[in-house]
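Biologist: I am new to this structure. Could you walk me through how to read a few of its features?

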Amino acid sequence: MSLALSKSPSIAPEDGTPETLRIIPLRRTGQRAAAVVVLVLLGLVLTSVVRNEAFQWGVVADYFATTAVLRGLWLTLWLTAVVMALGFALGTLLAVLRLSANPVLRAVSWGYVWLFRSTPILVQLLFWFNIGALYPQILGVRTVDLMGPVTVAVVGLTLHEAAYAAEVVRGGILSVERGQIEAAQSLGLGPWRRLRRIVLPQAMRSIVPPAGNMLIGTLKGTSIVSIIAVNDLLYSVQLVYHRTYQVVPLLLVATLWYVVVTSLLSIGQYYVERYYARGQAGAR
């Protein structure tokens with residue numbers, strides 16, 4: 001807070017001690033006026049949303065917890081968890097390969113990250129959905145039977161997420177001080193044990209924030225699988241409004257569920273970050 005110093009109007013004492021100074025906070029009239037304007041505008045917007053009958057809030061309440069919507073929500077949560085787990089497992093492996101001394105392994109890891117980060121996720125999903133045109137059979141099984149819509153969604157999203165997870169993990173590993181690794185080497189710890197016991201626990205401080213953002217992004221990004229008829233949350237409400245023609249309230253149902261889940265994930269991310277930031281200066 002900016003402060004102003006002002007001399008006290010009292011007469012200086014005769015014993016030679018310095019004059020008393022009192023602190024006067026600077027007035028922030030402009031900021032207060034801007035805050036009032038923002039609050040008024042926000043109130044007008046909220047009032048318009050609540051009172052606008054076109055939103056059909058009664059329909060939103062009727063469909064918010066229906067079986068079809070909850071089933072789609074469950075598939076969205078399951079898909080998010082599976083993709084994040086598999087994506088970070090593969091991404092960690094790619095990060096380790098990228099940091100290895102072997103030039104071939106480094107090149108393969110770099111090429112994977114470059115390819116999957118350069119291609120839109122929608123294109124990747126459509127490619128895997130039509131993989132049967134290239135390989136009619138895999139291990140003697142018809143590809144169309146082996147690669148159903150849910151399997152395609154898991155494979156496509158996992159390979160896409162792994163490319164980003166690899167960079168997140170690599171950045172976290174590089175944030176660990178070199179002295180920690182050298183100390184582990186002097187104790188005779190092998191490469192994998194050093195990674196598991198020394199490097200990754202310290203790297204988590206740098207990995208958790210972007211990983212939390214990736215988790216929230218993956219949750220919302222799973223809505224793209226509706227393009228290949230996976231019955232996730234968005235596709236579930238689409239099936240309903242294609243039948244009832246109540247597009248806006250059904251989209252609001254999906255929106256509210258996404259807001260609720262992402263808010264809970266954000267709260268969890270805050271506590272996980274605080275856990276791994278223990279002992280760090282400025283941690284809250």
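Biologist: Take Glu 167. How do I decide whether Glu 167 is buried or exposed?

Modeller: Bear in mind that this is a predicted model. Look at the relative accessible area. Under 20% is buried, over 50% is exposed, and partly exposed lies in between. Glu 167 has 21%, so it counts as partly exposed.

Biologist: And how exposed is Arg 98?

Modeller: Arg 98 is partly exposed, because its relative accessibility is 21%.

Biologist: What can a charged side chain pair with?

Modeller: Side chains of opposite charge can pair when their charged atoms come close. Here, Arg 98 and Glu 167 form a salt bridge, with N to O at 3.2 Å. This pair joins distant parts of the chain. Arg 98 sits in helix α3, residues 67-98, and Glu 167 in helix α7, residues 149-174. They are 69 residues apart.

Biologist: Which other residue forms a salt bridge with Glu 167?

Modeller: Arg 170 does, and the closest N and O atoms are 2.9 Å apart. This pair stays inside helix α7. Its two members are 3 residues apart, about one turn of the helix. The count of salt bridges comes to 2. Arg 98, Glu 167 and Arg 170 are thus joined in a network.

Biologist: How do I read the shape of α7?

Modeller: Start with length, then look for a bend. α7 has 26 residues. From first C-alpha to last, α7 reaches 38 Å, close to the 38 Å expected. There is also a bend of about 25 degrees at Ala 162.

Biologist: Which residues form a nonpolar patch on the surface?

Modeller: Scan for nonpolar side chains that share accessible surface. Val 36, Val 37, Val 40, Leu 41 and Leu 44 make up such a patch. Together they have about 460 Å² of accessible area. Take Val 40, in helix α1, residues 29-51. Val 40 counts as partly exposed because its relative accessibility is 46%.

Biologist: Now Leu 252. Is Leu 252 buried or exposed?

Modeller: Leu 252 is in helix α11, residues 247-276. Its relative accessible area is 16%, and the cut-off for buried is under 20%, so Leu 252 is buried.

Biologist: Which residues is Leu 252 in contact with, leaving aside its neighbours within four places in sequence?

Modeller: Look beyond the sequence neighbours. Leu 252 is in contact with Phe 55, Trp 57 and Val 60. Now compare sequence with space. Leu 252 and Ala 61 are 191 residues apart in sequence. Their C-alpha atoms are 9.9 Å apart in space.

Terms used:
Residues numbered from 1 in each chain as written. Predicted model: local features only at pLDDT ≥ 70, side-chain atom pairs only at ≥ 80, totals over all residues. Heavy atoms only, no water. Salt bridge = Lys/Arg side-chain N within 4 Å of Asp/Glu carboxyl O. Helix = DSSP H or I, 4+ residues; strand = E, 2+ residues; numbered from the N terminus. Buried < 20%, exposed > 50% of the residue type's maximum accessible area, 1.4 Å probe, protein only. Expected span 1.5 Å × (residues − 1). Bend = angle between axes of the 7 residues up to and from the residue. Patch = residues over 30% accessible without salt bridge, like charges linked within 9 Å, V, L, I, M, F, W, Y side chains within 5 Å. Areas by Shrake-Rupley, 256 points an atom, 1.4 Å probe, with all protein chains shown as cover. Contact = heavy atoms within 4.5 Å.
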